[in-house]
Amino acid sequence: MAESPIAREKRVVSTVMWRLIPFLFLCYMMNYIDRVNVGYAALEMRVDLGFSATVFGLGAGMFFVGYVFFEVPSNLILEAVGARWWIARIMVSWGLLTACMVFVHTATGFYVLRCLLGFAEAGFFPGIIYYLTFWIPARDRARASAWFLTSTSLSGVIGGPLAGWIMGLKGTLGLAGWQWLFLLEGLPAALLGLVVLRRLDDRVEDAAWLPGADRTWLRARIAREHATVRGEHAAGLLAALTSGRVWHLCLTYFALIISYYGVVFWLPQILKSFGGLTNAQASVLTALPYLAATVSIVAIGHHSDAVGERRWHVAVPAAAGACGLLAAGVFQQAHPWLALAALCVAAGGIWGTLGPFWSLPGTFLTGTAAAGGIALINSVGNAGGFVGPVIVGKICDRTGSYQAGLWTLAVTLLAGSALSLGVRKEARRASPR
């Protein structure tokens with residue numbers, strides 16, 4: 001009995017996703033851990049090095065200075081040389097630079113290394129999103145992106161307790177706990193980068209693990225989708241970089257990312273401020289908001305694919321996350337456990353926006369326009385990663401509390417919710433088979 005088109009699509013897409021997503025998940029988990037472990041390190045690092053909240057917030061945000069400036073060039077290089085070699089280069093360089101954080105002793109050194117780390121990591125996330133457009137049909141992309149992006153939330157579930165354990169090595173071989181944290185989380189990323197060279201294929205036709213007939217079917221399916229996008233949204237690189245629709249997504253992501261990294265870099269210290277917690281206990285408790293984020297990102301991504309809608313699947317979680325941040329600020333002093341529950345709601349809302357959001361660019365960009373456009377969206381958006389931590393740090397130094405900082409993050413998240421509803425509605429059409 002001949003296999004039906006629907007059955008074949010499900011089988012081939014499932015095979016591709018099982019091959020690519022778990023490995024990319026692991027790579028991005030390592031990426032995310034190395035990007036945000038400075039938030040856990042700060043529990044000791046700020047005391048050891050005498051950094052104020054403003055200095056730490058600026059140093060955490062300096063990552064995004066290098067990241068933003070090299071994001072678009074990095075993705076264009078990836079398209080030219082292939083994902084396999086460029087992603088491997090990114091991982092090796094960021095892993096080694098993370099390990100070099102061991103040598104930080106001054107604020108200037110902290111700023112410089114964080115900026116260099118941003119240069120090294122630039123292009124990794126948008127490169128993966130772009131890479132998936134050549135392997136995953138459009139109708140399944142929000143689900144694939146959601147599963148891939150759960151690595152950021154699960155890295156928090158794992159990263160918090162892991163950071164607490166690693167920093168318990170304080171004094172071993174004369175190194176501080178935060179130095180061990182950077183060393184033991186940086187070097188494995190560099191080693192994993194070498195594995196990329198054997199694990200990833202640049203093109204469907206190179207995938208020896210996929211039967212020949214399935215390779216032919218998938219190449220034809222993806223080619224038809226790209227042709228459809230080119231026909232309806234004909235755009236080269238310059239047109240994509242100057243597109244009003246692309247810049248609308250840039251601003252939307254910018255608003256979302258301010259709150260995202262404002263929470264990420266300060267979460268361990270916010271929890272510590274509740275009182276009565278050791279550094280290890282505060283690190284472990286960070287796992288709870290990240291666990292809520294993990295459930296949310298998967299559930300919302302699946303539902304977005306099931307109903308074929310994206311904008312409201314960004315707007316509603318963002319608004320819910322803003323409510324969580326507002327409540328966390330209200331309950332922070334008097335009811336810390338309610339504040340923790342509110343932070344779980346906030347994390348669920350913020351992370352829940354990601355899968356549907358990153359399925360939007362592929363609905364009107366393809367080829368070089370997609371490589372540049374996706375990178376631009378991520379680049380401008382991640383400038384919010386500089387703004388968020390700096391705002392929280394400055395407000396904390398002025399007020400002695402995280403309350404006003406949380407409320408400020410909530411306002412930016414509400415702005416992101418409103419902006420997402422202004423994104424031009426995607427066409428409701430079935431993907432070509």
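# Exercises on a predicted model

The chain of this predicted model has a mean pLDDT of 87, and 95% of its residues reach 70 or more. Over residues 426–433, however, the pLDDT is below 50. That stretch still has 24 contacts in the model beyond near neighbours in sequence.

## Exercise 1. Enclosure of a helix

Determine how many residues of α14 are buried, and compare the reach of the helix with the expected span.

**Solution.**
1. Helix α14 covers residues 336–352, a run of 17 residues.
2. From its first C-alpha to its last, α14 reaches 24 Å, close to the 24 Å expected at 1.5 Å a residue.
3. A residue counts as buried under 20% relative accessible area. Among the residues of α14 that are buried are Leu340, Leu343, Cys344, Ile350 and Trp351. Ala339, Ala342, Ala346 and Ala347 also belong to the buried group, as do Gly348, Gly349 and Gly352.
4. The count is 12 of 17, so α14 is largely enclosed by the rest of the structure.

## Exercise 2. Salt bridges and their surroundings

For the pairs Arg35–Glu121, Asp305–Arg310 and Asp206–Arg203, state the N to O separation and classify each partner as buried or partly exposed.

**Solution.**
1. The structure holds 8 salt bridges. In general, side chains of opposite charge can pair when their charged atoms come close.
2. Arginine 35 and glutamate 121 meet through their side chains at 3.1 Å, N to O. This pair links distant parts of the chain, with arginine 35 in helix α1 (residues 5–49) and glutamate 121 in helix α4, 86 residues apart. Both arginine 35 and glutamate 121 are buried.
3. Aspartate 305 is bridged to arginine 310, with the closest N and O atoms 2.9 Å apart. Aspartate 305 and arginine 310 are both buried.
4. Between aspartate 206 and arginine 203, the closest N and O atoms are 3.1 Å apart. Aspartate 206 is partly exposed because its relative accessibility is 33%; arginine 203 is partly exposed because its value is 44%.
5. Through shared partners, salt bridges join Arg203, Glu205, Asp206 and Arg219 into one network.

## Exercise 3. A nonpolar surface patch

Identify which helix gives the most residues to the nonpolar patch, and establish the exposure of valine 112.

**Solution.**
1. The patch has an area of about 390 Å² and is made by Phe69, Val112, Leu116 and Phe119.
2. Helix α4 (residues 107–121) gives the most to this patch, with 3 residues.
3. Valine 112 lies in helix α4. Its relative accessible area is 44%, so valine 112 is partly exposed.
4. An α-helix has 3.6 residues a turn, so residues three or four places apart point the same way.

## Exercise 4. Two local environments

Which residues do leucine 197 and threonine 133 touch, not counting residues up to four places away in sequence?

**Solution.**
1. Leucine 197 is located in helix α7 (residues 177–199). With a relative accessible area of 23%, leucine 197 is partly exposed.
2. Leucine 197 touches Arg84, Trp85 and Ala88. The C-alpha atoms of leucine 197 and arginine 84 are separated by 5.7 Å, although the two residues are 113 residues apart along the chain.
3. Threonine 133 sits in the loop between α5 (124–132) and α6 (141–167). Threonine 133 counts as buried because its relative accessibility is 7%.
4. The residues touched by threonine 133 are Arg141, Ile222 and His226.

Conventions: Residues are numbered from 1 along each chain as its sequence is written. This is a predicted model: local features need pLDDT of at least 70, side-chain atom pairs count only at pLDDT 80 or more; totals for chains, interfaces and linings use all residues. Side-chain values use heavy atoms; hydrogens and water are left out. pLDDT is the predictor's confidence in each residue, from 0 to 100. Contact means heavy atoms within 4.5 Å. Patches are made of residues with over 30% relative accessible area and no salt bridge: like charges are joined within 9 Å, nonpolar side chains (Val, Leu, Ile, Met, Phe, Trp, Tyr) within 5 Å. Accessible areas come from the Shrake-Rupley method with a 1.4 Å probe; for residues, only the protein chains shown count as cover. A salt bridge is a side-chain nitrogen of Lys or Arg within 4 Å of a carboxyl oxygen of Asp or Glu. Helices (H or I, at least four residues) and strands (E, at least two) are DSSP runs, numbered from the N terminus. Buried means under 20% relative accessible area, exposed over 50%, partly exposed in between (1.4 Å probe, protein chains only). The expected span of a helix is 1.5 Å times one less than its number of residues.
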